[in-house]
Amino acid sequence: MLEAERLRRISREPAVTKDGHAVAVFANLGHAGEAAQALNNGADGVGLFRTEFLFLDRDDAPDEEEQFEALRELRGVMDLRPVIIRTLDVGGYKNAPSLGLPREANPFLGVRGIRLCLNRRDLFRTHLRAILRAGHGGNFRVMFPMISEPQELRDALSELENAHVALESEGKQHAWPMPVGVMIEVPSAAILIDQLAQTAD
């Protein structure tokens with residue numbers, strides 16, 4: 001217990017290298033309820049927030065309001081600290097019965113991440129609307145997973161823009177513009193990173 005207390009105490013101290021360079025330490029969260037603990041442990045922001053917790057192990061997909069409320073809770077705790085929201089990434093070992101995903105020989109390389117979202121645009125639009133609405137008054141950024149080539153990124157950005165236009169026409173408050181990034185986790189993304197960097201923030 002003494003060691004745990006010591007680590008907790010030093011985690012709240014500024015992260016600075018011996019030669020004076022400050023380092024931002026961001027948390028990796030799987031649920032909005034973990035945000036307060038991350039701050040208590042010295043996090044400067046959230047480097048990866050997994051949205052799939054909203055979709056897993058349930059028979060119905062969450063609607064816009066449920067997603068909005070969960071993300072608004074996160075924004076309330078994090079205040080103006082940076083929060084990177086990763087859009088829905090299910091498939092592989094992540095069970096989401098509500099989405100009715102087909103069985104695949106290799107689900108880790110199949111229809112998951114951005115591929116799933118671009119195949120299910122209705123689901124994706126609802127998801128993006130909730131993220132943009134919850135980001136109002138905070139410091140949200142959005143990150144697309146499993147991007148493999150520039151056209152996928154352009155398509156995802158087009159859907160984000162469509163969500164913004166729709167919310168604006170409805171008079172609903174939302175964050176705009178919102179910085180956009182991609183997860184570099186597919187070999188082709190690493191090879192094409194210079195092209196992706198021209199479009200992503």
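Arg72 is partly exposed, with a relative accessible area of 34%. In this predicted model, Arg72 forms a salt bridge with Glu69, and the closest N and O atoms of the two lie 2.7 Å apart. Glu69 is also partly exposed, at a relative accessible area of 35%. Both residues belong to helix H3, and because they are three residues apart there, about one helical turn separates them.

**The chain as a whole**

The protein chain has 201 residues, of which 40% are buried. Its secondary structure consists of eight helices and five strands. Read from the N terminus, the order of these elements is α-β-α-β-α-β-α-α-β-α-β-α-α. Among contacts with a separation of 6 or more, 69% are between residues 24 or more positions apart.

**Helices H3 and H5**

Two packed helices are described by the angle between their axes and the distance between the axes. Helix H3 covers residues 64-78 and helix H5 covers residues 121-134; they pack at an angle of about 35°, and their axes are 8 Å apart. The crossing of H3 and H5 is right-handed.

On the H3 side, the residues in this contact are Glu64, Glu65, Gln67, Phe68, Leu71, Arg72 and Arg75. They meet Thr126, His127, Arg129, Ala130, Ile131, Arg133 and Ala134 of H5. By type, the residues of the contact of H3 with H5 are five nonpolar, three polar and six charged. Arg72 thus appears in the contact with H5 as well as in the salt bridge with Glu69.

**Salt bridges**

The whole structure contains eleven salt bridges. Three of them are listed below with the distance between N and O atoms.

| Salt bridge | N to O distance |
|---|---|
| Arg72 and Glu69 | 2.7 Å |
| Glu159 and Arg121 | 2.9 Å |
| Glu170 and Lys172 | 3.7 Å |

The side chains of Glu159 and Arg121 meet in a salt bridge. This pair links distant parts of the chain: Glu159 is in helix H6 (residues 150-170) and Arg121 is in helix H5, 38 residues apart. Is each partner buried or partly exposed? Glu159 counts as buried, at 2% relative accessibility. Its partner Arg121 counts as partly exposed, at 28%. The cut-off for buried is under 20% relative accessible area.

In the pair of Glu170 and Lys172, Glu170 is partly exposed, with a relative accessible area of 42%. Lys172 is likewise partly exposed, at 32% relative accessibility. These two residues are part of a network of salt bridges that also links Glu64, Glu65, Arg129 and Arg133. Those four residues are also listed in the contact between H3 and H5, with Glu64 and Glu65 in H3 and Arg129 and Arg133 in H5.

**Glu149, ahead of helix H6**

Where is Glu149 placed? Glu149 sits in the loop between strand E4 (140-144) and H6. It is partly exposed, with a relative accessible area of 29%. A polar atom of the Glu149 side chain lies 2.8 Å from the backbone nitrogen of Gln151.

Leaving aside residues up to four places away in sequence, Glu149 touches Leu192 and Leu196. Glu149 and Pro187 are 38 residues apart in sequence, and their C-alpha atoms are 10.0 Å apart in space.

How values were computed. Residues numbered from 1 in each chain as written. Predicted model: local features only at pLDDT ≥ 70, side-chain atom pairs only at ≥ 80, totals over all residues. Heavy atoms only, no water. Axes fitted to C-alpha atoms, helices over the stretch in contact; angles between N-to-C directions. Helix = DSSP H or I, 4+ residues; strand = E, 2+ residues; numbered from the N terminus. Left-handed = near helix turned anticlockwise from the far one by under 90°. Contact = heavy atoms within 4.5 Å. Nonpolar A, V, L, I, M, F, W, Y, C, P; charged D, E, K, R; others polar. Salt bridge = Lys/Arg side-chain N within 4 Å of Asp/Glu carboxyl O. Buried < 20%, exposed > 50% of the residue type's maximum accessible area, 1.4 Å probe, protein only. Polar contact = N/O pair within 3.5 Å; in protein donor to acceptor, adjacent residues only side chain to side chain.
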